[in-house]
Amino acid sequence: MATASAAVRRDWLIGYTMVAPVVLGSLAFVVLPLGMVVWYSLHEWNVLANTFTFVGAENYQRMASDPGLADALLATLWFSIGLVVVNIALALLLAVLLNQKLPGTTTFRTFFFSPVVVSLVAWTIVWSFLLQADGGINGFLGQVGVQGPNWLRHPTTAMVAVIIVQVFKNVGLNMILFLAALQGVPEELQEAARLDGAGAWRRFRSITLPLISPTILLVSIITIVGSLEVFAQIDVLTGGGPGNSTTVLVYYLYQQAFRFNEFGYASALAVLLFLIVLVLTLLQWQSRKRWVFHEV
């Protein structure tokens, strides 16, 4: 009996030892910083003036009447919708094409995935030169008789340009995830449907999509969360302009903290961002029961 108790205690000790690094890391780098941000959001904190005054919910009340925040939320909405729709659709299309048994698919996989491992800042700087009024994109369009716009200096084209740069940067990762899911679809099911007279679109809609739906859920969560945290692309390409057309929530938060020294208000914006990400992730996770294969 004593031996059994010692074995149980040893197992418990080993288990706690294994999970301790993750638990301690989460507490130190997630829970504690989040708690500090909430605490800072209840204060008016000006680093230059060296003031740290408790103001309660004033920073949160300020959000309701802040026109800059409304513009930032609208820009974030448009950026997220454009990025998620284009990224997922293009990644799935590329995965379907590269899943075919055709020569050269390995080269194309490498071509589309290589931007994922390139430095984000370096990638964005290169695109900033290409998208100038006299840059490479307009130079190519001029060769075919098309007068290209000043992509980064017009509100509509600036947002489109930022979305395209981000899509090309990360579409390869989603493509690889979709490709792995497609290769896991049993060929027997496809062959049986083909023998029953189902066309390519019917097989894709009724067999392939349901079987890869768990991967679609994963990709959608990753892409939506990533779209809400975009910063470097905005900073390098447009600086939030022209006007406030590309000032998304993260960049607006940065401006409040490091340009206007409103660290308390910026902390409240960070809490808002956290809540938006949390709510959207939970909604996607709950909705999986309606459309994800094998989820009940």
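This is a short tour of one structure, with a few stops to select in your viewer.

The model is predicted, so local features need pLDDT of at least 70 and side-chain atom pairs count only at pLDDT 80 or more, while totals for chains, interfaces and linings use all residues. Residues are numbered from 1 along each chain as its sequence is written, and side-chain values use heavy atoms, with hydrogens and water left out.

**Stop 1: helix α7**

Select residues 155-183, which form helix α7. Helices here are DSSP runs (H or I, at least four residues), numbered from the N terminus. What span should the 29 residues of α7 have at 1.5 Å a residue? The expected value is 42 Å, and the end C-alpha atoms are 41 Å apart, which agrees. The expected span is 1.5 Å times one less than the number of residues.

Now centre your view on Asn170, where α7 has a kink of about 45 degrees. The bend at a residue is the angle between axes fitted to the seven residues ending there and the seven starting there.

**Stop 2: two residues of α7**

Pick Asn174, also in helix α7. Is Asn174 buried or exposed? Its relative accessible area is 3%, so Asn174 is buried (buried means under 20%, exposed over 50%, partly exposed in between, using a 1.4 Å probe and protein chains only). Setting aside neighbours within four places in sequence, Asn174 is in contact with Asn87, Ala91, Val219 and Thr223; contact means heavy atoms within 4.5 Å.

Next, choose Ile176 in α7, which counts as partly exposed at 30% relative accessibility. Show Leu94 too: it is 82 residues from Ile176 along the chain, yet their C-alpha atoms are separated by 9.2 Å.

**Stop 3: two loops**

Go to Pro242, in the loop between α10 (232-237) and α11 (249-258). The peptide bond from Gly241 to Pro242 is cis, with omega near -5 degrees.

Then select Asn261, in the loop between α11 and α12 (263-291). Asn261 is not a glycine, but its phi is positive, about 55 degrees. At 17% relative accessibility, Asn261 counts as buried.

**Stop 4: α11 against α12**

Finally, show α11 and α12 together: their axes come within 7 Å and cross at roughly 160 degrees. That makes α11 roughly antiparallel to α12. Axes are lines fitted to C-alpha atoms, for helices over the stretch in contact, and angles run from 0 to 180 degrees between N-to-C directions; angles over 145 degrees count as roughly antiparallel, under 35 as roughly parallel, 65 to 115 as roughly perpendicular and the rest as oblique. Among the residues making the contact are Leu253 of α11 and Leu269 of α12.
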